[in-house]
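Reader: I am new to this structure and should like to learn how its features are read. Might we proceed one feature at a time?

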Amino acid sequence: MKIEELINKHYNQLHDNDLHILKYILNNKSSCYELGINSLAEKCNVSRSSILRLAQKLGFSGYSEFRVFLKWQDQKDPNIHKSGVEILRNDILETLKYVKNTDFSEICRLIYHTEKIFVYGTGTAQLNCAFDLQRMFLPVRKYFHVIQAQTEFEMIIKDLTLNDLIIIISFSGDTPSIFPAVQSLVAKGIPFISVTNLKNNRLARMTPYNLYAYSSCNELKDGTKLNTFSSFFIVGEMLFHHYVDFIKQKESDQNDEQGSIH
């Protein structure tokens, strides 16, 4: 798990002081793990106990464990001198590693018990990913309605109920234009699943149902930036196959129950 994912997961427990410390850590990834707790506290102009409390909020036993985690996280420009093919391969491998260690059961349960499911992609590639999800889930009789425009997204939200579900696919998770509508979802208590790049982002922080893909940037000589996106399709297909396994297990459990009755 990366530090950005930890921040998203525990964001509601974090105070302004914690976010101030994390801002320093995120901006100094390659050096902050070399600092002892007193030195880091001095750099952030906070108390030693503030650093310790932050480490514990993020799920660590103490600062020493947090420091080891930060050292492991340090990656100095991993894509420098790598070809585009190597960057893509690494993103796919990292995404596969992530999904292998992710529990999909809660999200599968949510999909299983929901009648009306909508998928919204915030851009062209994300929309293609939404249509791919729609296609995959057809054989298991889960009918995903793809929302193709933001105005459509905003209109549909007005009529959604607690029995509905939305999957939002966003590359950055920080697209400003979607947040008035997303805040309406939160206010109404309507569940939604975010699928975003693995980084600290606002969309992922707003729901407990998060899925992440690894996507890196390959910069051309003229400054053009090319982001990988295949990993988003991998996460979508992994979700589908986890769901297939989920319903198979459910059917098996039901058969066992009926057998025990007879």
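Author: Let us begin with contact, which means heavy atoms within 4.5 Å. The model is predicted: local features need pLDDT of at least 70, side-chain atom pairs count only at pLDDT 80 or more, and totals for chains, interfaces and linings use all residues. Residues are numbered from 1 along each chain as its sequence is written, and side-chain values use heavy atoms, with hydrogens and water left out.

Reader: Which residues does D91 touch, not counting residues up to four places away in sequence?

Author: D91 touches Y214, S215, S216, T228 and S231 under that condition. D91 belongs to helix α6 (residues 84–100); helices (H or I, at least four residues) and strands (E, at least two) are DSSP runs, numbered from the N terminus. For burial, the cut-offs are under 20% relative accessible area for buried, over 50% for exposed, and partly exposed in between (1.4 Å probe, protein chains only). D91, at 2% relative accessibility, counts as buried. The C-alpha atoms of D91 and R135 are separated by 24 Å, and these two residues are 44 residues apart along the chain.

Reader: How many helices and strands does the protein chain have?

Author: The chain has 12 helices and seven strands. Its C-alpha trace spans about 65 × 55 × 35 Å along the principal axes. Of its 262 residues, 44% count as buried. Among contacts with a separation of 6 or more, 68% are between residues 24 or more positions apart.

Reader: How should a nonpolar core be read, and which residues have the most contacts inside the largest one?

Author: In soluble globular proteins, nonpolar side chains tend to be buried together. A nonpolar core is a set of buried Ala, Val, Leu, Ile, Met, Phe, Trp, Tyr and Cys residues joined through side-chain atoms within 4.5 Å. Here the largest core has 38 residues, and those with the most contacts inside it are I111, L133, I167, I169, I193 and L211. Helix α12 (residues 230–261) supplies the largest share of this core, eight residues. A second, separate core of 25 residues includes L14, I51, L54 and A55. As for I169, leaving aside residues up to four places away in sequence, its contacts include V119, Y120, L133, V195 and F232.

Reader: At what angle do helix α2 and helix α3 pack?

Author: Axes are lines fitted to C-alpha atoms, for helices over the stretch in contact, and angles run from 0 to 180 degrees between N-to-C directions. Angles under 35 degrees count as roughly parallel, over 145 as roughly antiparallel, 65 to 115 as roughly perpendicular and the rest as oblique. Helix α2 (residues 16–27) and helix α3 (residues 37–44) pack at about 105 degrees, with their axes 10 Å apart. These two helices are therefore roughly perpendicular to each other. On the α2 side H20, I21, Y24 and I25 take part, and they meet L40, K43 and C44 in α3.

Reader: Which residues of α2 meet α4?

Author: N17, D18, I21 and L22 in α2 meet S50, I51, L54 and K57 in α4. The angle between α2 and helix α4 (residues 48–57) is about 90 degrees, and their axes are 10 Å apart. α2 and α4 are therefore roughly perpendicular to each other.

Reader: Which polar contact does the side chain of N8 make?

Author: A polar contact is a pair of N or O atoms within 3.5 Å; within protein, one must be able to donate a hydrogen and the other to accept it, and residues adjacent in sequence count only if both atoms are side-chain atoms. The side chain of N8 reaches the backbone oxygen of K199 at 3.1 Å. N8 lies in helix α1 (residues 3–10) and is buried, with a relative accessible area of 4%. A further case is T102, where a polar atom of the side chain lies 2.7 Å from the backbone oxygen of Y98. T102 is in the loop between α6 and α7 (105–112) and counts as buried at 18% relative accessibility.

Reader: What is the phi of N45, and is N45 buried or exposed?

Author: Most residues other than glycine have a negative phi, and most peptide bonds are trans. N45 has a positive phi of about 60 degrees although it is not a glycine. N45 sits in the loop between α3 and α4 and counts as exposed, at 72% relative accessibility. R141, also not a glycine, has a positive phi near 60 degrees. R141 is in the loop between α8 (124–137) and β2 (144–147) and is exposed, with a relative accessible area of 63%.
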